[in-house]
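Q: Could you take a close look at a single part of this protein, the sheet and what is packed around it? I would like one connected account that I can follow with the structure open.

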Amino acid sequence: MSNPTRTILVDIELRLKKVGVPSPRFDAESLMAFSLGIERKRLGLQQEITSDQLRILESLVEKRLRRVPLQHILGEQGFRRIVLNVGPGVFIPRPETELLVESAIRYLNELASKPKIVFDLCAGSGAIALSIACEVQNCEVIALEKSREAFVYLEKNLQANSEKIIENNSSVKLVNADISSNLDILNSYLTKVDAIVSNPPYIPDKMIPREPEVKDFEPGMALFGGPDGLNVVREVLNISDSFLKSRGFIGIEHADVQGSSVEETGVPYLIKQTNSYSKIEDRRDLNGVSRYTVAIKN
Ligand SMILES: C[S@@+](CC[C@H](N)C(=O)[O-])C[C@H]1O[C@@H](n2cnc3c(N)ncnc32)[C@H](O)[C@@H]1O
């Protein structure tokens, strides 16, 4: 029996739209391409699919209708120049974070020091740490992550990108620890770190995310940062105080409502309060929304 791809795609798109999936066409195409084992851009060349392929596709669509994140179904997410393994237990990297990484990379590429030492605090799948190690030469990156489940993905993603990192004369060291714990094992880096980059959990505990993909599938440890959402940000600043060198770079992602330099709920405000930084700048993401703060240590 023939199964015309165009008709099937339209049907999937309508069903996904009905349950509120935000990008139904893209998801329908991605799921079909995945079930056929081809790239999404090649779908146009595929006029029909077999009944076996249709059965596999239907099982994927059924998951997406339950709002399982597309990235969990496909098992991966692209970030800058790399593709990361993701699934239950690890935060799915967001395009918003790419600009924070861009800022850090620009800073690092202008430095003469070798090796350049970087901390990625709250590393998750390794989006920040691995992108920097793949894009900046002579870089020693230390990636710290508390969750054991997320750490498994971090190890896998480092393994998958190790060739690129070695070619770049860089390295990544993984540490499975809470950033508020005793970090004596990192003592050799005290006041020696060139850049500290972090996308910590920053949602206030009582704020429940609306999207089912986030609320039901992202790990709470990756999302919630205490009563005002800023507990882990404060820890990041504590660590930076001891480890970042003078003229070092700090970049911290935050929620759109945490970009104030005068309210206590703002990351720029918290950085200013330390009296240890200059050039404190809050920057916007690709949607024009306040998203991350950068500063230079005095
Ligand atoms: C928003 S996710 C970001 C992950 C990754 N940096 C990214 O941008 O995709 C925050 C990460 O911080 C980790 N985390 C939360 N609290 C932590 C803590 N106290 N110490 C270390 N990691 C922590 C979570 O497990 C999660 O992987």
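A: What follows goes through the sheet strand by strand, then turns to the ligand shell and to a few individual residues.

The model is a predicted one, and the domain assignment of the protein divides it into domain 1 (3-66) and domain 2 (76-297). Taken over C-alpha atoms, the centres of these two domains are separated by 34 Å.

The part to look at is an open sheet of seven strands, whose order is β7-β6-β5-β8-β9-β11-β10 and whose pairing is mixed. Strands β7 and β10 stand at the edges, and because each has a single partner strand, one side of each is left without a neighbour in the sheet. On average, and with direction ignored, neighbouring strands of this sheet are turned by 15° against each other.

A good place to begin is strand β6, which pairs on one side with β5 and on the other with β7. Strand β5 (residues 116-121) runs parallel to β6, and six bridges join the two; within this pairing, F119 stands opposite I142 in β6. Between these two strands the chain passes through α6, and the β-α-β crossover that results is right-handed. Strand β6 also pairs with strand β7 (residues 171-176), again in the parallel sense and over six bridges, with A143 opposite L174 in β7. Here the connection is helix α7 (residues 148-167), and β6, α7 and β7 together make a right-handed β-α-β unit.

Both β6 and the helix that precedes it are mostly covered. In β6, six of the seven residues are buried, while in α6 nine of nine are buried. For α6 the buried residues are A127, I128, A129, L130, S131, I132, A133, C134 and E135, a list that includes the polar S131 and the charged E135. As general background, an α-helix has 3.6 residues a turn, so residues three or four places apart point the same way.

These two elements also bring us to the ligand. The shell around the ligand holds 23 residues, of which C122, G124, K146, N199 and A222 come nearest. The elements that give two or more residues to this shell are α6 (127-135), β6 (139-145) and α9 (220-223). Sorted by class, the shell has 14 nonpolar, six polar and three charged residues.

At the other end of the strand order, the pairing takes the opposite sense. Strand β10 (residues 277-284) and strand β11 (residues 290-297) are antiparallel and share six bridges. Two positions are convenient for following the register by eye: S278 stands opposite I296 in β11, and the bridge partner of D282 is T293, also in β11. The two strands form a hairpin with five residues between them, and in the turn G288 has a positive phi of about 80°.

A positive phi also occurs at two residues that are not glycine, and these deserve a careful look, since most residues other than glycine have a negative phi. One of them is R247, with a phi near 75°, which is found in strand β9 (residues 244-253). R247 counts as exposed because it has 11 C-beta neighbours inside 10 Å, and the limit for that class is 12 or fewer. The other is T191, with a phi near 55°, and its place is in the loop between β7 and β8 (193-198). T191 is exposed as well, because 12 other C-beta atoms lie within 10 Å.

The loop between β7 and β8 also holds A177. With 15 C-beta neighbours inside 10 Å, A177 counts as partly exposed. Its C-alpha atom is separated by 26 Å from that of S276, a residue 99 positions away along the chain.

Away from the sheet, one residue can serve as a landmark: R25, which is found in helix α2 (residues 24-36). R25 counts as partly exposed, because it has 14 C-beta neighbours inside 10 Å. The C-alpha atoms of R25 and L9 are separated by 7.9 Å, although the two residues are 16 apart along the chain.

Key
Residues are numbered from 1 along each chain as its sequence is written. This is a predicted model: local features need pLDDT of at least 70, side-chain atom pairs count only at pLDDT 80 or more; totals for chains, interfaces and linings use all residues. A residue is near a molecule or strand if its C-beta atom, placed from the backbone, lies within 6 Å of it. Helices (H or I, at least four residues) and strands (E, at least two) are DSSP runs, numbered from the N terminus. Two strands pair if DSSP finds at least two bridges between them. A residue is buried if 20 or more other C-beta atoms lie within 10 Å of its own, exposed if 12 or fewer, and partly exposed in between; C-beta atoms are placed from the backbone. A crossover is right-handed if, with the strands pointing away from the viewer, the path from the first strand over the helix to the second runs clockwise. Domain bounds come from an automatic or database domain assignment. Axes are lines fitted to C-alpha atoms, for helices over the stretch in contact, and angles run from 0 to 180 degrees between N-to-C directions.
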